[in-house]
Amino acid sequence: YPNPSQGIFNISIDNVGVQPLQIQVFDMLGNLVREQSFNSSINPTIDLQSEPNGSYVVRAIGNGQIWTGRLLKLP
């Protein structure tokens, strides 16, 4: 959230607790454009301001689970 955004996104995932969390962001061609690890999974922030406008797929990995979602970056 917010989604869509101008490039700054907060990730909120239920039931992950405070486990380490890895976030991967892919463009629509499947290219990895951002990868970040967080020691705490409490609302990490992803900065896509330097990436082109468009749709992205976000994958969050933590606590033995994988979540996916879509982000929309607008001007």
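## A chat about a six-strand model

Trainee: How covered is E2?

Mentor: Mostly covered. Six of the seven residues in E2 are buried. Keep in mind that this is a predicted model.

Trainee: OK. How many helices and strands does the protein have?

Mentor: Zero helices and six strands. From the N terminus on, the elements run β-β-β-β-β-β.

Trainee: And how much of the protein is buried?

Mentor: Buried residues make up 32% of the 75 residues.

Trainee: Back to E2. Where does E2 sit in the open sheet?

Mentor: The open sheet has four strands, in the order E3-E2-E5-E6. So read the order as a row, with E2 between E3 and E5. The pairing is antiparallel.

Trainee: Which strands are at the edges?

Mentor: E3 and E6. Each of them pairs on one side only.

Trainee: How much are neighbouring strands turned against each other?

Mentor: By 20 degrees on average, with direction ignored.

Trainee: Let's walk along the row. How many bridges join E2 to E3?

Mentor: Six, and the two strands run antiparallel. Strand E2 covers residues 21-27. For one of the pairs, look at Gln-24: its bridge partner in E3 is Glu-35.

Trainee: What lies between E2 and E3 along the chain?

Mentor: Four residues, and the two strands form a hairpin. Find Gly-30 in the turn. Gly-30 has a positive phi of about 90 degrees.

Trainee: Now the other side. How many bridges link E2 and E5?

Mentor: Seven, again in the antiparallel sense. Phe-26 is a good place to look: its bridge partner in E5 is Val-57.

Trainee: And E5 with E6?

Mentor: Those two pair over nine bridges, also antiparallel. Gly-54 has Lys-73 in E6 as its bridge partner. E5 and E6 form a hairpin too, with two residues between the strands. There, Asn-63 takes a positive phi near 55 degrees.

Trainee: New topic. Where is Phe-38?

Mentor: In strand E3, which spans residues 32-38.

Trainee: Why does Phe-38 count as buried?

Mentor: Because its relative accessibility is 18%, and buried means under 20%.

Trainee: What is Phe-38 in contact with?

Mentor: Leave aside its neighbours within four places in sequence. Then Phe-38 is in contact with Pro-20, Leu-21, Ile-23, Pro-44, Thr-45 and Ile-46.

Trainee: How far apart are Phe-38 and Ile-23?

Mentor: They are 15 residues apart in sequence. In space, C-alpha to C-alpha, they are 8.0 Å apart.

Trainee: What about Glu-51? Is that one buried or exposed?

Mentor: Buried. Glu-51 has a relative accessible area of 17%. That residue is in the loop between strand E4 (45-47) and E5.

Trainee: What does Glu-51 touch?

Mentor: Not counting residues up to four places away in sequence, Glu-51 touches Val-33, Arg-34, Tyr-56 and Lys-73. You met Lys-73 before, as the bridge partner of Gly-54.

Trainee: Which strand holds Gly-69?

Mentor: Strand E6.

Trainee: Why isn't Gly-69 called buried?

Mentor: Because its relative accessibility is 27%, so Gly-69 counts as partly exposed. The cut-off for buried is under 20%.

Trainee: What does Gly-69 touch?

Mentor: Tyr-56, Val-57 and Val-58, with residues up to four places away in sequence not counted. Take Val-58. Along the chain, Gly-69 and Val-58 are 11 residues apart. Their C-alpha atoms are separated by 5.3 Å.

Trainee: How common are contacts that span a long stretch of sequence?

Mentor: Take contacts between residues at least 6 apart in sequence. Of those, 49% join residues at least 24 apart.

Trainee: Last topic, pockets. What is the volume of the largest pocket?

Mentor: About 190 Å³. Thirteen residues line the pocket, and the closest to its centre are Asn-10, Ile-11, Ser-12, Ile-13 and Val-58. Val-58 is the one Gly-69 touches.

Trainee: Which elements give two or more residues to the lining?

Mentor: Strand E5 (54-62) and strand E6 (65-73). E6 gives the most, with five residues.

Trainee: How does the lining divide by residue kind?

Mentor: Into seven nonpolar, four polar and two charged.

Notes:
Residues are numbered from 1 along each chain as its sequence is written. This is a predicted model: local features need pLDDT of at least 70, side-chain atom pairs count only at pLDDT 80 or more; totals for chains, interfaces and linings use all residues. Side-chain values use heavy atoms; hydrogens and water are left out. Buried means under 20% relative accessible area, exposed over 50%, partly exposed in between (1.4 Å probe, protein chains only). Contact means heavy atoms within 4.5 Å. On a 1 Å grid over the protein atoms alone, a cavity is a set of points where a 1.4 Å probe fits but cannot get out, and a pocket is an open set with protein on both sides within 12 Å along at least five of seven lines; lining residues have an atom within 4 Å of a point. Grid points are joined across faces, edges and corners, and a volume is the space filled by probe spheres set on the points. Ala, Val, Leu, Ile, Met, Phe, Trp, Tyr, Cys and Pro count as nonpolar, Asp, Glu, Lys and Arg as charged, and the others, Gly among them, as polar. Two strands pair if DSSP finds at least two bridges between them. Axes are lines fitted to C-alpha atoms, for helices over the stretch in contact, and angles run from 0 to 180 degrees between N-to-C directions.
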